[in-house]
Each structure stands twice: as structure tokens, then as C-alpha cells.
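The following exercises guide the reader through one protein structure. Each task is followed by a solution in steps.

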Amino acid sequence: MPAARAVAAVRHTRATKEPLMESKKVSESRVVMAQLMNPLDANPMGNVHGGVIMRLIDTAAGAAAMRHARKLAVTASIDRMDFHHPIFVGDLVTLKASVNLAGRSSMEVGVRVEAENLVTGEVRHTNSAYLTYVALDSKYRPAAVPTLILENGEDHRRNQQARARRELRLQERKKEAVERRDG
Ligand SMILES: CC(C)(COP(=O)(O)OP(=O)(O)OC[C@H]1O[C@@H](n2cnc3c(N)ncnc32)[C@H](O)[C@@H]1OP(=O)(O)O)[C@@H](O)C(=O)NCCC(=O)NCCS
């Protein structure tokens, strides 16, 4: 950890005595993961199961969230998962996960999945997914995460879109809570 950041992480505000929360760049927690698809991942026709891809997405996104928080992080929700093209046995699947938005204890992570045919070199953008993770402390309670430093236009665009999705999620959760309360 650079010296300036280490100092910021342990400095305390006079008013609250709470440690100042560290900030981290999007690039500091980005995760790139690649895996070759084999017959165990697929149906008899050679199409890779959606569940295999979902597991890889959760793994890559969870690693990015934990890298950002440097704490245990659990999957709180999966917003959407689009399957644009099939993936076949023999394809090299690459997942790129990055934190789009950091709240107090939650983080939205976006994952882009590409499949490469290693013989022809063709690369297809097969999936996109947005997942929310919550960082936990040693007693498994939601714990504060570093604020996110947006470095470029792409980071800002993803952050804006993540804010809009977070707003929708919060509205839906409020609506569901009212419906549960009113039976
Ligand atoms: C996720 C979990 C920790 C949230 O606990 P909670 O007590 O409801 O948390 P709170 O209401 O205090 O909210 C904490 C944060 O989580 C967010 N959150 C809670 N539920 C959420 C959901 N369903 N979707 C998205 N975000 C959610 C809140 O918005 C809040 O974000 P913020 O701190 O950035 O403002 C809890 O529901 C849990 O443990 N779920 C099971 C997780 C799990 O087993 N996952 C699968 C295996 S990893």
C-alpha cells in the first residue's frame, strides 16, 4: 500500500473518531479470468451450460468485489444475465469483471464474457451481467468499503448506468417490503 494511502486509512476524524475510508481506483480491483471449455461443461451437443457460465461470472465478480473491499463479500443480487451467443466445447472463455459502483457496504460489479474459437480466432461477446456484493466484517455484518475513484470516461459511463440500476433496485426492494407488510 502506498505510504499516502496507508496514512489516510488510519487517520481519524476528530469529530467521529471513525477511520477515514480509503479510496480505490476501478483498475485496482479489475479481474480477468480465462478458462477453456471442456465436455464436462456442456450438453451432448457441445453447448456449454448457462449454469457453468453463471458460476464463472459469480467467481470473477466476487473476486473483483473482494479485491476492492479487501473483505469477505457475498452475492446480494444478480440484476440480469444476458446470453447473446452460444459457447461451445473448445472455446476459451474470458471474463472481465470490474467494480462499477461502491455504496457504503455494497458494490455493483459488471462482467463481460467473451468466447474465442482458438482455431479460427473469432471472438464473440457472449454475455454481460451485473451483480451486487456486500462486504462483511468479522461478525458477518455489512461493512464499509472504499469509495471508488473513476479514472476515465468509460468508468464514468459505467458508474452512471450502475447508479440508475441501483435506484431501480432500491425502489423494487421498497415496493416488495410494502407488499410483504400489507400481505
Ligand atoms: C446481502 C446481506 C449481507 C445484506 O444484509 P442486510 O442486513 O439486509 O443489509 P442492509 O439492509 O444493512 O444493507 C447493506 C447493503 O446491502 C445492500 N443490499 C441489501 N440487500 C440487497 C439486495 N438484495 N440487492 C442489492 N443490494 C442489497 C443495501 O442496499 C446496502 O447497501 P449500502 O451499504 O451500500 O447502502 C444479507 O442479505 C445476506 O447475507 N444474504 C445472503 C448472501 C448469500 O448467502 N449469498 C450467496 C452466497 S455468497
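**Exercise 1: The surroundings of the ligand**

Task: Determine which element gives the most to the shell around the ligand, and describe the residues of that shell.

Solution. The structure is a predicted model. Strand S3 gives the most to the shell, with four residues. The residues surrounding the ligand include Val74, Thr75, Ala76 and Ser77, and S3 spans residues 72-83. Also around the ligand are Gly103, Arg104, Ser105, Ser106, Thr132, Val134, Pro142 and Arg169. The elements with two or more residues in the shell are S3 and S6. By character, the shell divides into four nonpolar, six polar and two charged residues.

**Exercise 2: The sheet**

Task: State in what order the strands of the sheet are arranged, and identify the edge strands.

Solution. Five strands make up an open sheet, and their order is S2-S4-S5-S6-S3, with antiparallel pairing. Strands S2 (31-36) and S3 (72-83) are the edge strands, each pairing on one side only. From one strand to the next, the twist averages 25 degrees.

**Exercise 3: The pairing of S4**

Task: Find how many bridges join S4 to S2 and how many join S4 to S5, and name residues that stand opposite each other.

Solution. Begin with S2, which six bridges join to S4 (residues 91-102). Across this pairing, Met33 stands opposite Leu95, and Leu36 stands opposite Leu92. Turn next to S5: 11 bridges join S4 to this strand, and the two run antiparallel. Here Leu95 stands opposite Val113. A hairpin of three residues connects S4 to S5. Finally, consider burial: nine of the 12 residues of S4 are buried.

**Exercise 4: Helices and core**

Task: Establish which strands helix H2 lies across, and what share of the largest nonpolar core comes from H2.

Solution. Helix H2 (residues 50-69) lies across S2, S3, S4, S5 and S6, at about 40 degrees to S4. Helix H3 (residues 153-181) lies across S3, S4, S5 and S6, at about 75 degrees to S4. The largest nonpolar core has 34 residues; among the members that touch the most others are Ile57, Ala60 and Val111. At least two core residues come from each of H2, S4, S5 and S6, and H2 supplies the largest share, eight residues. Ala60 illustrates the packing: leaving aside neighbours within four places in sequence, this residue is in contact with Val31, Met33, Leu95, Ala97 and Val111. In soluble globular proteins, nonpolar side chains tend to be buried together.

Notes
Residues are numbered from 1 along each chain as its sequence is written. This is a predicted model: local features need pLDDT of at least 70, side-chain atom pairs count only at pLDDT 80 or more; totals for chains, interfaces and linings use all residues. Two strands pair if DSSP finds at least two bridges between them. Axes are lines fitted to C-alpha atoms, for helices over the stretch in contact, and angles run from 0 to 180 degrees between N-to-C directions. Two residues are in contact if their C-beta atoms, placed from the backbone, lie within 7 Å. A residue is near a molecule or strand if its C-beta atom, placed from the backbone, lies within 6 Å of it. Ala, Val, Leu, Ile, Met, Phe, Trp, Tyr, Cys and Pro count as nonpolar, Asp, Glu, Lys and Arg as charged, and the others, Gly among them, as polar. A nonpolar core is a set of buried Ala, Val, Leu, Ile, Met, Phe, Trp, Tyr and Cys residues joined through C-beta atoms within 7 Å. A residue is buried if 20 or more other C-beta atoms lie within 10 Å of its own, exposed if 12 or fewer, and partly exposed in between; C-beta atoms are placed from the backbone.
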